[in-house]
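Please open the model in your viewer and keep the sequence beside it, so that each selection can be followed in both. The tour goes from the inside to the surface and then to the charged pairs.

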Amino acid sequence: MKKSILLFTSLLSIFILYSDILFAQAVRSCGTMEYLQLQEQQKPGAVQRWLDAQNAADEWVKNHPSDSRNTITIPVVVHVVYHTSAQNISDNQINSQIEVLNEDFQRRNADTAKTPEVWKPVAGSMDVEFCLAKYDPSGDATSGITRTETDVVTFNLGDSMKYTNKGGDDAWPCTHYLNIWVCNLGNGTLGYTTLPTQNNCNSSDGVVVQYNAFGRVGTL
């Protein structure tokens, strides 16, 4: 489960791009590469650690060409960090994004008919099922959604929304959950994600998404 969560964290940046049609083309969308550059400045070697993980993944695929795969279920916790009532998005909006993720990663989305001919032979399900967590780190029942009111009006690129003492909400253990933070981002960024490494995950690993670029119903 730990390796699966680390691997698919990087892939989740894909869904951020689907929201581009809601915004002017001049606005930036995915801030993942910019975030990676920031990580490199703060923790030199971050880019190389990501490249090493990519190479290790490529080598594994090369050495296991015919391995069958079982569907992997990844429990998700969505941390809603809000300053206004509009930013405190509904459960329905959150559930709609989980539905979108599963449709896209399992190739059940409506636009599969538009797949270019060159890709059709290799297009298919990634055998991943995302679901909101049913149990919190203490073992108690949960909706998989946390809600934190903050005095922070706008979060900049970085990790502030991931820590309670910085106006955000602390991550749940990254070895057991995929953490997604939904908040108000500045500078036109719709979202970004940490990229996987071969090292243990940490408290900043996860995906950050602009509150009105999340899901397909609600505040959009």
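## The nonpolar core

In this predicted model, begin by selecting V78, I94, F130, I180 and F214, which touch the most other members of the largest nonpolar core, a set of 21 residues. Now colour the elements that each give two or more residues to this core, namely strand 1 (72–82), helix 5 (91–105), strand 2 (128–132), strand 4 (178–183) and strand 6 (207–210). Strand 1 gives the most, with five residues.

Next, centre the view on I94 and show its surroundings: leaving aside neighbours within four places in sequence, I94 is in contact with V78, V80, I89, L132, I145, R147 and F214. Apart from the largest core lies another one, of nine residues, and selecting V81, M161, Y192 and V208, which are among them, will show where to look.

## Two paired strands

Select strand 1 and strand 2 together, and you will see a pair that runs in the parallel sense over five bridges. To follow one of these links, pick V76, whose bridge partner in strand 2 is L132.

Which residues of strand 2 are on its covered face, and which on its uncovered one? Showing the side chains separates V128, F130 and L132, on the covered face, from E129 and C131, on the uncovered face. In a regular strand, side chains alternate between the two faces of the sheet.

## A patch on the surface

Move now to V118, in the loop between helix 5 and strand 2. With a relative accessibility of 60%, V118 counts as exposed, and together with W119 and V122 it forms a nonpolar surface patch of about 370 Å² of accessible area.

While you are there, select E117 and K120, which form a salt bridge whose closest N and O atoms are 3.0 Å apart. E117 is exposed, at 61% relative accessible area, whereas K120 is partly exposed, at 37%.

## A network of charges

The structure holds five salt bridges, and the last stop is a network of them that links E99, E103 and R216. Between R216 and E99 the closest N and O atoms are 3.4 Å apart; because R216 lies in the segment after strand 6 and E99 in helix 5, this pair ties together parts 117 residues apart in sequence. R216 is partly exposed at 42% relative accessibility, and E99 is partly exposed at 43%.

Finally, add E103, whose salt bridge with R216 has its closest N and O atoms 2.9 Å apart. E103 also lies in helix 5, so its pairing with R216 ties together parts that are 113 residues apart in sequence.

Methods. Residues numbered from 1 in each chain as written. Predicted model: local features only at pLDDT ≥ 70, side-chain atom pairs only at ≥ 80, totals over all residues. Heavy atoms only, no water. Core = buried A, V, L, I, M, F, W, Y, C linked by side-chain atoms within 4.5 Å. Buried < 20%, exposed > 50% of the residue type's maximum accessible area, 1.4 Å probe, protein only. Helix = DSSP H or I, 4+ residues; strand = E, 2+ residues; numbered from the N terminus. Contact = heavy atoms within 4.5 Å. Patch = residues over 30% accessible without salt bridge, like charges linked within 9 Å, V, L, I, M, F, W, Y side chains within 5 Å. Areas by Shrake-Rupley, 256 points an atom, 1.4 Å probe, with all protein chains shown as cover. Salt bridge = Lys/Arg side-chain N within 4 Å of Asp/Glu carboxyl O. Pairing = 2+ DSSP bridges.
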